[in-house]
Amino acid sequence: MSNETASTTAEAPNRIDSIRQRLMESERFGYLLSPGSGLLWVLLFLFLPMTVIVAFSLFRAGEFGTIIYEPTLENYRRFVNGSVYHRVIARSLLIGVVTTLIVLPFGYTLGYFLGRSKSRWTPILLGLVVVQFWVPLVIRTYAWIPILGRQGIFNDFLLWLGVVGQPVEILYTTHGMILGLAVSIMPFMVLPVYSIVSTIDEEIIQAAKTLGASDARAFREVTLPLSWPGVVSGILFTFILSAGSYLAPQLLGGTNDRLIAPVIETVFSQDFNWPFAATLSLVYVAMIVGILYLFSRKADIEEALEGTQL
Amino acid sequence: MSIRKYVSDVETNWNWHGIRLISALVYLTMILPLIVVVVNSFSAQRIATFPPRGLTLDWYVEFFRDDMFLSAVWVSTQVGIAAAILAGAIGTLTAMGFVRKPFPMKKALSIALLTPMIVPPVIVGIAATSFFAEIGLDRNIWWLIVMHTLLALPYAFLIVRSRLYLFDETLEDAAMTLGADRLVTFREITLPQVAPAIVTAMVLSFVISFGEFTASQFWVQRETTTVPVVIYSMVRTTITPKVNVLATLVLVITIVVPIVGLAIQRWLTNNTN
């Protein structure tokens with residue numbers, strides 16, 4: 001017994017040494033492994049499932065949610081011929097554009113404010129924007145329901161102002177949905193703009209003004225071009241997130257607000273038509289790849305994705 | 001002071017006031033909904049008005065009697081912690097590889113690594129569900145952990161990588177010149193320098209996992225329902241004030257956990273510098 005213990009303790013340092021030795025010798029292997037772990041994860045749990053989707057889109061659905069494994073282009077034909085799906089896509093893109101047009105000026109203004117403000121409250125104000133990322137989207141979306149309803153604060157306020165004579169319908173309408181969407185996506189515009197504006201040297205702007213530029217001109221010709229990368233990152237995120245939104249159309253939108261993400265979910269989970277859901281998913285992914293391609297000719301995608309980091 | 005200069009200053013002030021006004025408006029829209037949720041969780045009425053007429057803790061009492069809610073909070077917490085550890089570890093390893101090792105197609109591969117940020121969550125959800133069904137796996141809590149790790153990974157990677165870019169590699173050379181081997185160097189020099197970023201990455205991964213709904217709705221089961229799924233289904237069916245209690249508790253968790261995490265991170269930074 002005591003012999004055994006003695007021998008293991010004597011061996012242990014040797015073994016650790018040999019492991020270390022091996023690790024040092026296999027340095028090359030270790031390095032190879034390290035970028036590999038993340039890539040493997042993405043490959044196994046995103047790219048591989050995506051190929052399953054591609055395969056599914058080439059089959060058709062049988063009864064009771066089964067899949068008939070005979071290759072067919074039926075799903076693609078159904079999409080091409082189905083004007084209802086064209087409308088869903090067109091509407092999603094339109095909502096993306098409208099939301100971006102709303103988020104851009106407000107988000108830029110707040111980002112600019114945070115980047116320029118010298119108040120000692122600025123860190124707290126910035127923290128309040130970051131916190132928006134932490135609070136689950138489902139909470140930030142449903143929280144609008146009691147505000148926008150007929151008896152909600154929003155209507156109370158309008159009535160009190162005398163703008164309207166009786167409560168307006170805003171909950172379960174496109175307006176309500178866009179409002180909820182715009183607010184939930186706002187941080188994606190504010191933070192990249194903030195992080196760029198805060199690095200712009202104020203002396204450059206002063207120099208422009210000293211040379212006779214008006215505020216507006218100094219902004220247009222100095223601040224705006226310099227903050228452009230942040231704006232581009234914000235636009236990319238705002239557009240993609242709003243066109244593909246799921247929660248806002250489901251919780252705040254009206255019956256006409258059938259956007260692409262909820263439609264895909266319905267086809268998948270309620271109609272149990274997995275092949276057609278796969279086809280719609282691929283169309284949607286193709287759309288996003290197309291947008292990213294157009295985008296990548298104007299800006300660096302990787303940089304834009306990094307833009308949301310503080 | 002010339003009149004021209006004076007006018008220009010007034011203009012500047014007016015612009016600044018406008019900017020502050022718009023900023024205040026944006027803050028109002030971001031914060032008011034959250035305040036309403038918290039206040040309504042104490043409202044004495046079933047259909048809450050704002051401001052409420054009368055306060056009560058009844059909903060909290062009912063909430064803590066409901067096993068489904070407590071189980072959802074417990075599942076989300078477990079999954080969040082597991083995803084934070086996995087995404088933190090894998091993200092760190094991957095970032096080390098990307099920063100230190102030259103290999104071909106680095107740019108393309110790093111974009112591949114960031115794709116979980118861009119692929120719409122509905123599709124991530126459907127693709128994984130189809131895949132797991134096809135290989136014959138039953139959905140369980142491990143799916144949630146694996147998939148939440150996938151969704152958090154790009155963020156963890158980006159955070160650790162940007163820290164590694166700032167890291168002075170000559171410190172490692174110095175340690176190894178002084179006789180430390182690679183493991184000791186990693187433990188004594190590299191890890192403490194990168195630790196704050198790893199903590200940030202883990203905190204963010206926890207928060208992403210805890211709040212994810214759109215993709216997760218496909219992966220949950222009755223026994224492994226997560227908090228966002230419970231909130232969604234409650235809002236879709238019956239709005240009971242208990243949903244406000246759950247949301248309030250989640251608000252506290254998702255705000256307090258990161259703040260504590262970032263406090264630890266700050267402490268780590270102060271200790272290394």
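**Group meeting: a walk through chains A and B**

Hi everyone, let me begin with a single residue: A:Glu221 has a relative accessible area of 46%, so A:Glu221 counts as partly exposed. Before I go on, please keep in mind that this is a predicted model.

What does A:Glu221 pair with in a salt bridge? The partner is A:Arg217, and the closest N and O atoms of the two are 3.1 Å apart. Both residues sit in helix α11 of chain A, which covers residues 215-226, and they are 4 residues apart, or about one turn of the helix. A:Arg217 is partly exposed as well, because its relative accessibility is 42% and the partly exposed class runs from 20% to 50%. For anyone new to this topic, side chains of opposite charge can pair when their charged atoms come close.

Now let's go over to chain B, where B:Lys242 forms a salt bridge with B:Glu62, with 3.5 Å between the closest N and O atoms. This one connects distant parts of the chain: B:Lys242 belongs to helix α10 and B:Glu62 to helix α2 (residues 58-65), 180 residues apart. Is B:Lys242 buried or exposed? Its relative accessibility is 15%, which is under the 20% cut-off, so B:Lys242 counts as buried. B:Glu62, on the other hand, is partly exposed at 32%.

B:Lys242 also forms a salt bridge with B:Asp66, and here the closest N and O atoms are 3.7 Å apart. B:Asp66 lies in the loop between α2 and α3 of chain B, while B:Lys242 lies in helix α10, so this pair ties together parts that are 176 residues apart in sequence. Both B:Lys242 and B:Asp66 are buried.

There is also a network made of salt bridges that share partners, and it joins A:Asp300, A:Glu302, B:Lys107 and B:Arg161. One of the pairs there is A:Glu302 with B:Arg161, whose closest N and O atoms are 2.8 Å apart. Over all chains, the count comes to 13 salt bridges.

That network brings us to the interface. How many salt bridges are found across the interface of chain B and chain A? The rule finds 3. The two chains also share 14 residue pairs in polar contact, with both residues at pLDDT 80 or more. On the chain B side that touches chain A, the elements giving two or more residues are α1 (3-40), α3 (67-100), α4 (106-118), α5 (121-134), α6 (141-166), α8 (182-211), α9 (227-236) and α10 (241-272). Helix α1 of chain B gives the largest share of that side, with 21 residues. By type, the side divides into 65 nonpolar, 18 polar and 11 charged residues.

As for the totals, 94 residues of chain B are in contact with 82 residues of chain A. The area buried between them is about 7700 Å², and carbon and sulfur atoms give 77% of it.

While we are in chain B, have a look at B:Arg266, which is in helix α10. B:Arg266 has a relative accessible area of 59%, which is over 50%, so it counts as exposed. Its C-alpha atom is 7.2 Å from that of B:Pro196, although the two are 70 residues apart along the chain.

Back to chain A, which has 16 helices and 2 strands. Of its 310 residues, 49% count as buried.

Two loop residues in chain A are fun to look up. A:Tyr172, in the loop between α8 (153-161) and α9 (174-197), has a phi near 65 degrees, a positive value in a residue other than glycine. A:Tyr172 is partly exposed, at 49%. A:Phe272 is not a glycine either, and its phi is positive at about 55 degrees. A:Phe272 is found in the loop between α14 (260-269) and α15 (274-296), and at 46% relative accessibility it counts as partly exposed.

My last stop is A:Asn273, found in the loop between α14 and α15 of chain A. Which backbone nitrogen does the side chain of A:Asn273 reach? It reaches that of A:Phe276, at 3.1 Å. A:Asn273 is buried, because its relative accessible area of 14% is under 20%. Leaving aside residues up to four places away in sequence, A:Asn273 touches A:Ala61, A:Arg78, A:Val267 and A:Phe268.

Thanks for listening, everyone!

How values were computed. Residues are numbered from 1 along each chain as its sequence is written. Chains are lettered from A and ligands numbered from 1 in the order in which they are written. Side-chain values use heavy atoms; hydrogens and water are left out. Contact means heavy atoms within 4.5 Å. Buried area is the accessible area (1.4 Å probe) that two parts lose on being put together, summed over both. A salt bridge is a side-chain nitrogen of Lys or Arg within 4 Å of a carboxyl oxygen of Asp or Glu. A polar contact is a pair of N or O atoms within 3.5 Å; within protein, one must be able to donate a hydrogen and the other to accept it, and residues adjacent in sequence count only if both atoms are side-chain atoms. Ala, Val, Leu, Ile, Met, Phe, Trp, Tyr, Cys and Pro count as nonpolar, Asp, Glu, Lys and Arg as charged, and the others, Gly among them, as polar. Buried means under 20% relative accessible area, exposed over 50%, partly exposed in between (1.4 Å probe, protein chains only).
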